[in-house]
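The following exercises concern the architecture of one protein chain. Each task is followed by a solution that proceeds step by step.

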Amino acid sequence: MTKRALVSGASTGIGAATVRALIADGWQVLATARRAERLEALAAETGCEWAAADLTVREEVEALVTAAAQAELNAVVHVAGGALGVDRVEDADLDRWRTMYERNVIGTVDLTRRTLPLLRAAGGGDVVFVTSTAGQATYPGGAGYVAAKHAEKQIATTLRLELGGEPIRVIEIAPGMVKTEEFSLNRLGSAEAADDVYAGVEEPLVAEDIAEAIRWSLGMPSHVNVDLMVVRPVAQSSNTAVARQPLRVKG
Ligand SMILES: NC(=O)c1ccc[n+]([C@@H]2O[C@H](COP(=O)([O-])OP(=O)(O)OC[C@H]3O[C@@H](n4cnc5c(N)ncnc54)[C@H](OP(=O)(O)O)[C@@H]3O)[C@@H](O)[C@H]2O)c1
């Protein structure tokens, strides 16, 4: 029987790659994010269903869950999130910190609690949280994002304990540096600053690497729970230790 997954953050990067990977693996997918035109294009390309929603707006999450409930739902993949700024603690921009908490934590927990009944109605299923290595350890300028991703990680860990004995797997995928179209651009606000993040790094991860980790975890036999998978590029041995090739100077 074809399985059906809800994938958030599907308008770009890791989420869009996850939709493609799951569909290629035979899943039906309901893709969501705020930008309808991007979801529409992804649907034209892959045949996924789509429903636009801002996960920080309760009524929009309700409408999304109504769309998810139109057919059996077997998995929820939480990719939506992201970082804003690299504020030192003493300079914290509280609006940015609130937005990061809303996006990575509140939106994720709201979608989780509203979709659990759908997974139970299907006789069980999977919940995947795409957190970050920022949920494992901190770095200077990272505290706002690190705090949000630590919180998101603990939603996954707590949920796994709370669902003990139910046929629902709770899977956490924690990526390190992934070169996606928008992550660093949204975080730092300019293409130049975003390029600097990856400058000289030999083969940062790409969205498809994380999509494959998600696809593989979901495809394991149902008694196997991948609790946590930390995935970094070889060039990155910790959040702060990144090997960079010397850059060639032009001219
Ligand atoms: N790239 C990395 O290095 C990296 C590393 C570790 C973890 N991660 C995590 O992986 C996830 C995906 O990252 P990415 O690199 O693919 O790019 P990204 O730009 O961070 O993607 C964020 C996604 O979340 C959606 N989103 C943001 N706010 C939303 C909201 N309020 N409601 C609904 N959807 C919302 C965005 O779509 P719309 O703008 O269309 O709503 C977009 O699809 C994020 O959770 C990120 O924190 C990324």
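**Exercise 1. The sheet**

In what order do the 7 strands form the open sheet, and is the pairing parallel or antiparallel?

Solution. The model is a predicted one, in which local features require pLDDT of at least 70 and side-chain atom pairs count only at pLDDT 80 or more, whereas totals for chains, interfaces and linings use all residues. Residues are numbered from 1 along each chain as its sequence is written, and side-chain values use heavy atoms, with hydrogens and water left out.

Step 1. The order is β3-β2-β1-β4-β5-β6-β7, and the pairing is parallel. Strands (E, at least two residues) and helices (H or I, at least four) are DSSP runs numbered from the N terminus; two strands pair if DSSP finds at least two bridges between them.

Step 2. The edges are β3 (49-50) and β7, each of which pairs on one side only.

Step 3. Helix α4 (residues 94-121) packs on this sheet and touches β1 (4-7), β4 (75-78), β5 and β6, where contact means heavy atoms within 4.5 Å. The direction of α4 makes about 170° with that of β4; axes are lines fitted to C-alpha atoms, for helices over the stretch in contact, and angles run from 0 to 180 degrees between N-to-C directions.

**Exercise 2. Crossovers from β1 to β3**

Trace the chain from β1 through β2 to β3, and state the handedness of each crossover.

Solution. Step 1. β1 pairs in parallel with strand β2 (residues 28-31) over 4 bridges, and the partner of A5 in β2 is V29. Helix α1 (residues 13-24) carries the chain from β1 to β2 in a right-handed β-α-β crossover. A crossover is right-handed if, with the strands pointing away from the viewer, the path from the first strand over the helix to the second runs clockwise.

Step 2. β2 and β3 run parallel and are joined by 2 bridges, with L30 opposite E49 in β3. The connection from β2 to β3 passes through helix α2 (residues 36-46), and this crossover is likewise right-handed.

**Exercise 3. The strand β6**

Why is strand β6 (residues 168-175) largely enclosed by the rest of the structure?

Solution. Step 1. Of the 8 residues of β6, 8 are buried, so the strand is largely enclosed. Buried denotes under 20% relative accessible area, exposed over 50%, and partly exposed the range in between (1.4 Å probe, protein chains only).

Step 2. Both faces are covered: I168, V170, E172 and A174 are buried on one side, and R169, I171, I173 and P175 on the other.

Step 3. Strand β5 (residues 125-130) pairs in parallel with β6 over 6 bridges, G125 having I168 as its bridge partner. The chain passes from β5 through helix α5 (residues 143-162) to β6 in a right-handed β-α-β crossover.

Step 4. β6 also pairs in parallel with strand β7 (residues 228-231), over 4 bridges; here E172 stands opposite L228.

**Exercise 4. The nonpolar cores**

Which residues have the most contacts inside the largest nonpolar core?

Solution. Step 1. The largest core has 35 residues, and those with the most contacts inside it are V7, V19, I173, I210, I214 and L218. A nonpolar core is a set of buried Ala, Val, Leu, Ile, Met, Phe, Trp, Tyr and Cys residues joined through side-chain atoms within 4.5 Å.

Step 2. A second, separate core has 33 residues, including A51, V65, V76 and Y139.

Step 3. L218 lies in helix α8 and, at 3% relative accessibility, counts as buried. Leaving aside neighbours within four places in sequence, the contacts of L218 include L22, W27, A75, R169 and I171. L218 and V127 are 91 residues apart in sequence, yet 9.2 Å apart in space, C-alpha to C-alpha.

**Exercise 5. An unusual backbone angle**

Which sign does the phi of E203 have, and is E203 buried or exposed?

Solution. Step 1. Most residues other than glycine have a negative phi. E203, although not a glycine, has a positive phi of about 50°.

Step 2. E203 is found in the loop between α7 (191-198) and α8 (207-219). At 66% relative accessibility, E203 counts as exposed.
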